[in-house]
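Open your viewer and get ready to pick out some chains. We will go one selection at a time.

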4 protein chains.
Amino acid sequence: MQMISAQSKGVFVIAATPFLPSGEIDLASTDKMVDFYFEKGADGLTILGMMGEAPKLTHSEALSITKQILKRAGDKPVVVGVSAPGLAAIGELTKAVMDEGAAGVMVAPPGSLRTNEQIIAYYANVVQTVDEDVPIVLQDFPLATGVHISSATLGTIFENHANIVMLKHEDWPGLQKISDLRAAEEKGRRRVSILCGNAGVFLPEEMARGADGAMTGFAYPEMMVKVCRLSNRGETDKARDLFDAYLPLMRYEQQPALGLAVRKYVLAKRGVIAHAAQRKPGADLSPLAAKEVDILMDRLEKRLSALR
Amino acid sequence: MQMISAQSKGVFVIAATPFLPSGEIDLASTDKMVDFYFEKGADGLTILGMMGEAPKLTHSEALSITKQILKRAGDKPVVVGVSAPGLAAIGELTKAVMDEGAAGVMVAPPGSLRTNEQIIAYYANVVQTVDEDVPIVLQDFPLATGVHISSATLGTIFENHANIVMLKHEDWPGLQKISDLRAAEEKGRRRVSILCGNAGVFLPEEMARGADGAMTGFAYPEMMVKVCRLSNRGETDKARDLFDAYLPLMRYEQQPALGLAVRKYVLAKRGVIAHAAQRKPGADLSPLAAKEVDILMDRLEKRLSALR
Amino acid sequence: MQMISAQSKGVFVIAATPFLPSGEIDLASTDKMVDFYFEKGADGLTILGMMGEAPKLTHSEALSITKQILKRAGDKPVVVGVSAPGLAAIGELTKAVMDEGAAGVMVAPPGSLRTNEQIIAYYANVVQTVDEDVPIVLQDFPLATGVHISSATLGTIFENHANIVMLKHEDWPGLQKISDLRAAEEKGRRRVSILCGNAGVFLPEEMARGADGAMTGFAYPEMMVKVCRLSNRGETDKARDLFDAYLPLMRYEQQPALGLAVRKYVLAKRGVIAHAAQRKPGADLSPLAAKEVDILMDRLEKRLSALR
Amino acid sequence: MQMISAQSKGVFVIAATPFLPSGEIDLASTDKMVDFYFEKGADGLTILGMMGEAPKLTHSEALSITKQILKRAGDKPVVVGVSAPGLAAIGELTKAVMDEGAAGVMVAPPGSLRTNEQIIAYYANVVQTVDEDVPIVLQDFPLATGVHISSATLGTIFENHANIVMLKHEDWPGLQKISDLRAAEEKGRRRVSILCGNAGVFLPEEMARGADGAMTGFAYPEMMVKVCRLSNRGETDKARDLFDAYLPLMRYEQQPALGLAVRKYVLAKRGVIAHAAQRKPGADLSPLAAKEVDILMDRLEKRLSALR
């Protein structure tokens with residue numbers, strides 16, 4: 001099993017957790033979904049993230065779906081979200097998933113942190129809690145966590161802890177932060193991998209600013225894969241043409257809280273998972289919203305045809 | 001002077017406040033900007049909003065720019081933002097701007113409100129503070145205010161106060177809220193005008209859900225005007241074609257805090273205002289960001305040519 | 001094992017979790033502490049609360065300390081805190097502790113809830129998640145959770161769910177809420193038990209307003225026991241004399257975040273637990289703070305002597 | 001007129017704004033109240049603070065009451081709260097009140113600040129906005145502002161700006177912050193005056209940690225004056241005896257939002273102001289709450305008699 005590192009690049013798809021309408025985990029769809037992500041060019045997966053309905057899984061379910069996805073992913077890296085209110089739970093889940101072959105763990109800061117000093121201390125505690133060879137992804141998502149981490153604070157954390165190898169970047173606005181971090185590296189700070197979230201809606205600019213790729217769950221991972229590849233080859237206009245075609249749907253999928261229902265609806269409509277169902281208390285798309293997504297998917301197909 | 005009402009429709013542009021590089025208000029640009037907005041088809045303006053740098057204006061400056069814009073706007077309606085931590089300041093500014101001929105005032109809830117009951121009581125206090133014939137716009141913008149107002153709470157406020165005639169809708173996600181409010185009206189609740197914000201990034205869906213138009217400051221108001229008109233005529237595909245062309249730039253302009261710098265940069269580049277400068281402590285666009293906007297404007301022009 | 005109910009009264013002490021300096025759970029001190037609480041007159045205990053360092057316990061540690069305390073408590077009721085970001089974890093832990101003989105579970109709202117409607121829906125989901133005969137304590141602690149629940153919202157939740165039998169009341173200010181809830185009961189709403197937190201600093205007023213007792217972890221539970229008994233007998237002046245003697249220390253212990261260190265320091269100094277140690281990353285009292293507590297304990301003893 | 005400085009010491013009472021039942025400012029009571037504060041030993045006053053109902057005053061009312069209080073205060077220093085969402089308003093009000101003879105201005109951070117860097121930049125902007133010889137009080141009150149300022153961040157701000165001469169300290173818990181700041185001064189950072197708020201409930205410990213006095217609005221300023229004097233003379237036990245006598249009422253007055261109603265009720269009952277009325281939308285004490293305060297005032301009198 002490949003570990004993530006400060007050199008990791010490409011697209012890590014945030015995986016959904018497929019459910020049967022009964023609320024059971026849909027194991028057949030899970031395998032199919034993993035295959036789909038890699039067929040579309042994903043370089044890795046991230047599971048049990050905020051969008052993976054992790055809080056609705058029991059501990060044993062979380063472990064069991066982790067095992068299944070790790071097995072299906074073969075030698076591709078799979079990052080596992082282990083954020084929790086307590087360090088003990090983070091330590092426990094980290095040990096369990098690393099033993100199973102995870103490529104690293106992802107930790108978002110708890111909402112109670114306020115000052116720079118508290119944020120720095122928190123990641124020191126996390127690093128002390130897990131084994132020193134566990135690669136860690138720092139998830140910087142202020143809109144969801146309420147915790148704002150300045151570029152300088154990120155820099156301090158990266159300096160302090162060599163095993164924090166990756167930033168899941170989803171500050172908003174966040175483009176300057178990428179430039180800040182890369183500038184600090186040019187002045188000698190060690191490199192970290194920067195994979196960007198925010199549903200991909202700034203991917204062309206993020207790549208131009210020095211991001212290494214994307215880590216988000218947009219239901220057309222092929223867009224992210226191609227935009228990253230085209231960007232890396234310098235074909236930025238072509239990258240933007242493709243990006244723009246998907247943007248109306250991406251924007252719709254980016255809606256907080258609603259995004260997961262949209263993503264599952266699209267995945268089901270694309271035949272990737274059998275059911276769009278979320279486990280309770282998640283709500284399915286309303287008929288009106290489903291129709292809005294239908295229109296966006298139709299228009300996307302036409303636009304892609306015109307691009308070919 | 002025309003007043004806003006529950007029947008108001010169309011596009012109210014949130015106006016910027018033009019400054020000279022010295023920090024003085026740029027009066028010549030102000031007139032030019034007002035003319036530009038109406039030439040592009042705006043139905044009205046909203047001034048001294050969050051994006052109008054209102055907090056950087058002294059009381060007398062705020063009044064003086066209001067007078068100038070009201071004069072230049074002629075018989076077109078101009079709404080004035082009067083949100084403030086205290087009711088006394090709201091009452092004072094409301095009286096002053098209504099005396100000058102404003103079409104109504106806009107009030108966002110202060111960030112200290114928590115429960116539904118507190119929000120309902122707040123608007124009762126606002127209504128008591130201003131004269132009973134002043135039309136009020138309720139600004140519902142949780143991302144900026146931190147105050148979340150449910151559809152039912154909005155309904156109660158509208159029932160309680162006939163002079164709250166308009167909702168500036170910028171909850172996110174907020175489409176369901178439009179549907180909720182219109183459904184309540186069909187069951188007998190009095191009508192309110194719903195003009196949508198959020199930089200316009202959901203305008204096609206908002207119009208389809210029953211919105212009356214847009215109230216936001218996107219630097220190409222002609223897009224909003226045309227999308228609203230096309231939507232009203234049922235030409236939704238054409239509306240979306242146009243909308244999609246502008247979306248890459250709209251998405252960029254929607255970035256919190258950064259949006260105003262983008263907007264002013266675009267207005268200056270379009271020749272509408274002489275300088276993109278914000279009054280301190282506002283920051284201009286970084287060179288990298290300016291280049292990103294240049295690319296988006298270039299691509300927009302090409303896309304519009306292809307649409308014609 | 002006795003279950004809590006809407007008729008529960010008296011003092012439920014929020015129990016600390018004793019640790020050895022090594023970070024291991026101190027089982028001997030745990031038993032001694034349970035005995036101490038009941039010897040001092042506690043009617044029940046609440047464990048794994050915010051102050052019980054629950055987030056620092058692994059799942060198996062949490063269960064094992066629950067078992068030990070339940071065993072030692074004998075037929076006295078023990079409430080277990082099961083708040084968690086996800087319903088699955090709440091369901092799992094609730095089942096486990098109820099099977100072991102807990103008297104009920106306590107659930108605080110997650111910090112993401114905003115509107116009254118969201119809070120009401122959340123408790124409906126919690127009730128659906130646990131077995132219908134599990135007695136639930138609603139913990140209303142806005143200072144810690146960020147969630148503000150109005151009296152009317154509490155009333156709706158109590159009406160909706162007969163198995164929410166108790167309110168852990170620690171809104172601040174919160175006296176009016178007690179009066180509101182009791183007034184609603186007089187108009188016909190079913191009764192709930194109200195036990196008050198906030199380190200006990202409003203206990204005389206809370207009892208006079210209709211509270212049933214206290215649920216907090218002040219390190220002198222005998223004060224709470226006596227103040228409740230004296231209040232119930234109408235000896236309010238005597239109750240206040242006693243309360244006032246402890247108030248300087250209570251006020252010190254009430255400091256957010258610091259409170260647990262104070263409490264453990266006092267318990268250790270009283271000989272109840274062997275070590276004041278918190279599990280990492282908790283901080284012990286600084287020498288200056290310890291000296292401040294020493295002074296307060298000395299003065300308390302003198303004051304109590306004078307009262308006798 | 002005396003200016004505040006980094007050497008200021010003693011008790012600055014946060015003054016209420018007396019109103020007539022009609023809502024008009026009660027000018028006669030205002031003078032009487034100023035006299036009362038100084039007769040009880042206050043070293044200075046702070047007006048237009050959060051508790052002064054400043055947001056309910058129009059700009060001209062705020063100036064007019066400032067003038068009256070400054071006149072009545074004679075050569076005693078009066079600090080004026082000038083916190084506002086915008087720098088322009090801060091600059092305007094500062095100039096106006098300094099011209100009238102204020103001893104300095106007090107500025108709390110706006111709730112939108114998050115990172116240490118943002119807080120530091122904000123005070124740089126404030127300092128640039130006002131004249132360089134205006135003494136500034138930094139109000140650090142996280143419970144009310146939502147902004148958490150670490151000891152190190154405070155230190156940076158004090159180093160950067162020599163005219164920020166005083167800290168109104170009301171972090172909670174905040175004792176360690178006093179020790180941190182004094183320790184930094186011993187290592188060479190310039191001195192600032194530290195006056196403590198939080199309704200005075202930690203005054204003995206604050207004085208022992210190195211505070212210079214109190215700045216809060218407890219309705220018995222003589223308690224603060226005496227506790228500070230006794231503390232300064234090293235008569236700490238006597239200071240605590242006195243403090244403890246007032247603590248039951250202080251604790252009651254410290255309740256957020258409710259505190260002002262309690263304070264005005266007590267001032268009215270003591271004959272200092274003619275009416276306890278707050279300007280709308282402030283609520284008077286409920287009859288139940290008023291009775292609770294009556295009991296506390298009675299018990300205080302008895303306790304003071306026993307101390308004599």
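Select chain A and chain B together: in this predicted model, the area buried between them is about 2,900 Å², of which carbon and sulfur atoms give 56%. Buried area here is the accessible area (1.4 Å probe) that two parts lose on being put together, summed over both. Now show Trp172(A), Arg251(A) and Arg299(A) as sticks; they supply 25% of the area that chain A buries against chain B, more than any other three residues.

Next, select what touches across the boundary. With contact meaning heavy atoms within 4.5 Å, you should get 32 residues of chain A and 32 residues of chain B.

Stay with Arg251(A) and add Glu205(B): the two form a salt bridge, their closest N and O atoms being 2.7 Å apart. The rule (a side-chain nitrogen of Lys or Arg within 4 Å of a carboxyl oxygen of Asp or Glu) finds 10 salt bridges across the interface of chain A and chain B.

Colour the helices of chain A now (DSSP runs of H or I, at least four residues, numbered from the N terminus). Helix 7 (175-186), helix 8 (203-209), helix 10 (236-253) and helix 12 (287-307) each give two or more residues to the side that touches chain B. Helix 10 of chain A provides the largest share, nine residues.

A note on numbering and cut-offs: residues count from 1 along each chain as its sequence is written, and chains are lettered from A in the order in which they are written. Local features need pLDDT of at least 70, side-chain atom pairs count only at pLDDT 80 or more, totals for chains, interfaces and linings use all residues, and side-chain values use heavy atoms, leaving out hydrogens and water.
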